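Please walk me through this structure stop by stop. At each stop, say what to select in the viewer and what is to be found there.

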Amino acid sequence: MPTVSMTVNGKPVTAEIAPNTLLVSFLRENLRLTGTHVGCDTSQCGACVIHIDGESAKACTVLALQANGAEITTIEGLAKGNNLHPMQKAFQENHGLQCGFCTTGMIMSAVDLVKKHGKPDDATIRKGLEGNICRCTGYQNIVKSVKAAAQEMEG
Amino acid sequence: MGTQTGIGASVKRKEDKRFIIGKGRYLDDISRPGQTYGYFIRSPHAHAKITSLDSTAALKAPGVVAVLTGPDMQADGIGPLICGWGITSKDGTPHKAPAHPALAIGRVRYVGHQVALVVAETLQQARDAAELVEIEYEELDHVIEVGDALAAGAPQIHDDVPGNLSFDWELGDRAKTDGAISAAHHVTRMKLRNNRLIPNAMEPRAALGDYDSGTDEITLYTTSQNPHVHRLVLSAFNAVAPEHKLRVIAPDVGGGFGSKIFIYSEETVCAWATKKLNRPIKWTAERSESFLSDAHGRDHETFAEMAFDANGKILGLKVSTKANVGCYLSTFASAVPTYLYGTLLSGQYTIPAIYCEVQAGFTNTAPVDAYRGAGRPEATYVVERMIEIGAREMGIDPAEIRKRNFIAPDAYPYETPVIMTYDSGNYALAMDKALEAIDYSGFAARKAQSQTKGKLRGIGFSAFIEACGIAPSAAVGSLGAGVGLWESAQVRFNPTGSVTVFTGSHSHGQGHETTFAQIISDQLGVPIDQVEISHGDTGKVPFGMGTYGSRSLAVGGSAIMKAIDKIVEKSKKIAAHTLEASVEDIEHSGGVFKVAGTDKQMTMAEIAFSAYVPHNYPADVEPGMDETAFYDPLNFTFPAGTHIAEVEIDPDTGTTEILDWVAVDDFGNVINPMIVEGQVHGGIAQGIGQALLENCVYDKESGQLLTGSYMDYCMPRADDLPTFRVQTINTPCKTNPLGVKGCGEAGAISAPAALMNAITNALGKEIDMPATPEKVWRAAQGL
Ligand code: FES
Ligand code: FES
């Protein structure tokens, strides 16, 4: 079995894995980082979004081996210790989540969205979150959360 | 009390922390030592005989532990899945609910039907071995649409159900309604189709069975909205284990919308197989399995007639519906198109005569059961489309015709011709506020402006009503329910004054951990961070009925209020003893117990401590501060309101843009406005999904599910939806101690009619849901 090495949430990890192991399975099963979710089998829902070298990516669509040598951030690594990331705080402040299942992927996508767009308007946020499905919230409070976080992130 | 954490405050949700840091604990996040993985082999055919099944090769494959089949379950005495609500047909015969084995025996009846379970050390091994199980089928004719299934000569799906008819049910007065129709000034007649939907909670269904041979106890972790109902059915009907040896845990559940109420094949199989194999077994649905085998929703074909006098006053409503129930009757499938549907056909209106008949037909499709709103969206769609079309045909303003028919605010209790008694409401107030918010008087000018851009603008109303807080046990029992629909609550003070509430309700996104804590904080003065809400584990909480039908606050919250009453009563005795006063002289408010007219007082925390350290304590009072209550509602609750949608259609592309959405809902008293608003948003989004985007389609020829993934089944995404403008009015419910009505389903119930009324208003033409660009374009082009 091949060996894979990467940095996950700041910690180096090395493991032997079957070559067809998906990155999302590696994170969830091998590393027990279960905050990254699986909501579909067609790369459509965004529940699995993480950051690979600072860019958002769907972990269900990447082989663990493809991430060899990469810097991975999952939702568990977003906060700095007990200090929540502004996006995490904004989701709580603005009731941007209900069941929470889409939320981790949504937050990871939104962080990247704000990084790329600065202070996005509603339409940009809605367009930018097209790859993330939420069945609970109707998105309105998610949009509100992202806007609020952008204010704080971008000063 | 109106504190910052009490009733009426938009308290930020206590449960959010674990979800936003990735520490939610959903089913697939849980693993047990020595766990195996289950993979279900499913039927590729819509209807077929299983002529042979050979697992020899699969059993030799690496890591395979077992291949289990329907006959294996039968041999172990495991009973079939049940339908828990008995419906009686017009002719007095009981509904037909053919045996539904958890794994197929001899015959498969829909694509996705569970045939066998492969258990292996890893999921990959189970999946690979499934390929080696040799199954031969002999295909049979199939039928997909309910109209076809009920027609003469249709393929027979069950040998013991002639004509595929499960039941032919009626409600109301046929002769009186026919009389009203024949004497009417105007009759609106319409065929309406309520499209079939797939619920799609974002967390797929999953189950993990874990047998302990030492205690002979099975623990079933499952994605359930009602773990005790799961335990009851799995014990009493499926005989998986006696109730005291079966623990059902529904941990964090990622959305339900009804689809996680039911007792499905997969969890039944996992609960049985873990003991048989003496190994933990985990199964998690792939999304494609969810599409195939979660209970679907809606799927009605209806013909309706609404009779009016010359002023637009409704004289009668006659509704004939064919409901597709899929290939078996799921857990509550029979109640949805009957007592959750026909009983709401009076809407917000005084209608002297109503008659409804429903034929439920089996088809070679997945079972159909409750999905957000369950019966009530279908009823609202009929009533609100019919009155709107009637208004158009008679040239009466659609807001005006509704007002002429509203039940007056002083007419309560109001008994409808379809066995409901509404306790309270103010329909004209909600309508007026909605008209003002959307600037109805400015609509004509806005329409003209759209016209100058070559766009078609439309406005549509839905004045919905629903029956929530299901429901008085004796009443539902007399209508066929196999269970009582009360709720439980246990309020436990810890010696240091913090509180744990054990509730029979289950939260899978609704925010109970906050709303319920607000009730405790409000009533007993406990800081909200000192209140913990525990739910979802039959090993911890008292027997409860779970969450569906917008019942958690109206029924579960009322149970908490009853337990609080007991706490207060006991506390008064302790306070009286300690403060050397008589019990009658103790006054309670917000957790402070005072001797009337003095400044002598004790706080709830002091009393709780005294109850656990009873050194100076009344002789006739038990130690401890831990009270349990069960609450059986007196009536349904009746949330109602008006939604108005405004749209603009591009006739060249057929795209519909939702420009504005106003919702004014009467939910009675509101505990947490922020959470209520969120519930309304989510409900409207699902209702818009139904009207604009979502449609479950099976290929009639092959019986295959054509919309089996997110590539084919169009889920509402962020850029499909507008910003909703949501308000509430608050006419307190008169039949429960909190005065609350329930808000979880309102949006999904109201939205489809509002949006279709707007779209057809713009088009000047009727189309069915979903209003896809193609359909809209064809209508706009006059094709
Ligand atoms: S799990 Fe759905 S996109 Fe990755
Ligand atoms: S919060 Fe439940 S899916 Fe988004």
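Start in chain B by selecting E22(B) and E23(B), which form a hairpin with two residues between them. In the turn, B:Gly590 has a positive phi of about 50 degrees. This is a predicted model. Strand E22 covers residues 586–589 and pairs with E23(B) in the antiparallel sense, over four bridges. To see one place where the two strands meet, select B:His588, which stands opposite B:Phe593 in E23(B).

Keep E23(B) selected and add strand E24 (residues 601–603) of chain B; these two also pair in the antiparallel sense, over three bridges. They form a hairpin with five residues between them, and B:Gly597 in that turn has a positive phi of about 75 degrees. Here B:Lys594 has B:Gln601 of E24(B) as its bridge partner.

Now show the side chains of E23(B), residues 592–595. Which residues are on its covered face, and which on its uncovered one? B:Phe593 and B:Val595 make up the covered face, while B:Val592 and B:Lys594 make up the uncovered one. In a regular strand, side chains alternate between the two faces of the sheet.

B:Val595 leads to the next stop, since it is listed among the 45 residues of a nonpolar core. Select B:Phe493, B:Val499 and B:Ile607 as well, which are also among the members of this core.

The largest nonpolar core has 215 residues. Select A:Val146, B:Trp661, B:Leu755 and B:Ile759, the members that touch the most others. Helix H19 (residues 746–763) of chain B gives the largest share of this core, eleven residues. The core of 45 residues lies apart from it.

Center the view on B:Trp661. Leaving out residues up to four places away in sequence, B:Trp661 touches a set that includes B:His643, B:Ile644, B:Ala645, B:Ile684 and B:Ile688. B:Phe724, B:Arg725 and B:Leu755 are also among the residues it touches.

Next select strand E18 (residues 456–465) of chain B. Why can this strand be called largely enclosed by the rest of the structure? Nine of its ten residues are buried, so the rest of the structure largely encloses it. E18(B) runs antiparallel to E26(B), and ten bridges join them. One pair to pick out is B:Gly458 and its bridge partner in E26(B), B:Val647.

E26(B) also leads to a pocket. Together with H4 of chain A and with E27 and H18 of chain B, strand E26 of chain B supplies at least two residues to the lining of the second largest pocket. This pocket has a volume of about 530 Å³. Its lining has 22 residues, and those closest to its centre are B:Thr656, B:Glu657, B:Ile658, B:Asp719 and B:Asp720. By class, the lining has nine nonpolar, five polar and eight charged residues.

Move on to the largest pocket, with about 1200 Å³ of space. Select A:Leu22, A:Ser25, A:Glu29, B:Leu123 and B:Arg127, the closest to its centre of the 42 residues that line it. H1(A) gives the largest share of the lining, five residues. The lining divides into 17 nonpolar, 13 polar and twelve charged residues.

The structure also holds eleven cavities of 30 Å³ or more. The largest cavity has a volume of about 740 Å³. To find it, select B:Thr547, B:Gly549, B:Ser550, B:Arg551 and B:Gly744, which lie nearest its centre among 49 lining residues. Helices H15, H16 and H18 of chain B each give two or more residues to that lining. It is made up of 24 nonpolar, 20 polar and five charged residues.

The second largest cavity has a volume of about 120 Å³. Closest to its centre, of 15 lining residues, are B:Leu81, B:His100, B:Tyr264, B:Ser330 and B:Pro367. Its lining has nine nonpolar, six polar and no charged residues.

For the last stop, select B:Phe257, in the loop between strand E11 (246–249) and helix H8 (265–277) of chain B. Is B:Phe257 buried or exposed? It counts as buried, at 13% relative accessibility. Beyond its neighbours within four places in sequence, B:Phe257 is in contact with residues of chain A, A:Arg135 and A:Cys136, and with others including B:Tyr371 and B:Gln686. Add B:Glu745 to the selection: B:Phe257 and B:Glu745 are 488 residues apart in sequence, yet 8.7 Å apart in space, C-alpha to C-alpha.

Terms used:
Residues are numbered from 1 along each chain as its sequence is written. Chains are lettered from A and ligands numbered from 1 in the order in which they are written. This is a predicted model: local features need pLDDT of at least 70, side-chain atom pairs count only at pLDDT 80 or more; totals for chains, interfaces and linings use all residues. Side-chain values use heavy atoms; hydrogens and water are left out. On a 1 Å grid over the protein atoms alone, a cavity is a set of points where a 1.4 Å probe fits but cannot get out, and a pocket is an open set with protein on both sides within 12 Å along at least five of seven lines; lining residues have an atom within 4 Å of a point. Grid points are joined across faces, edges and corners, and a volume is the space filled by probe spheres set on the points. Ala, Val, Leu, Ile, Met, Phe, Trp, Tyr, Cys and Pro count as nonpolar, Asp, Glu, Lys and Arg as charged, and the others, Gly among them, as polar. Buried means under 20% relative accessible area, exposed over 50%, partly exposed in between (1.4 Å probe, protein chains only). Two strands pair if DSSP finds at least two bridges between them. A nonpolar core is a set of buried Ala, Val, Leu, Ile, Met, Phe, Trp, Tyr and Cys residues joined through side-chain atoms within 4.5 Å. Contact means heavy atoms within 4.5 Å.
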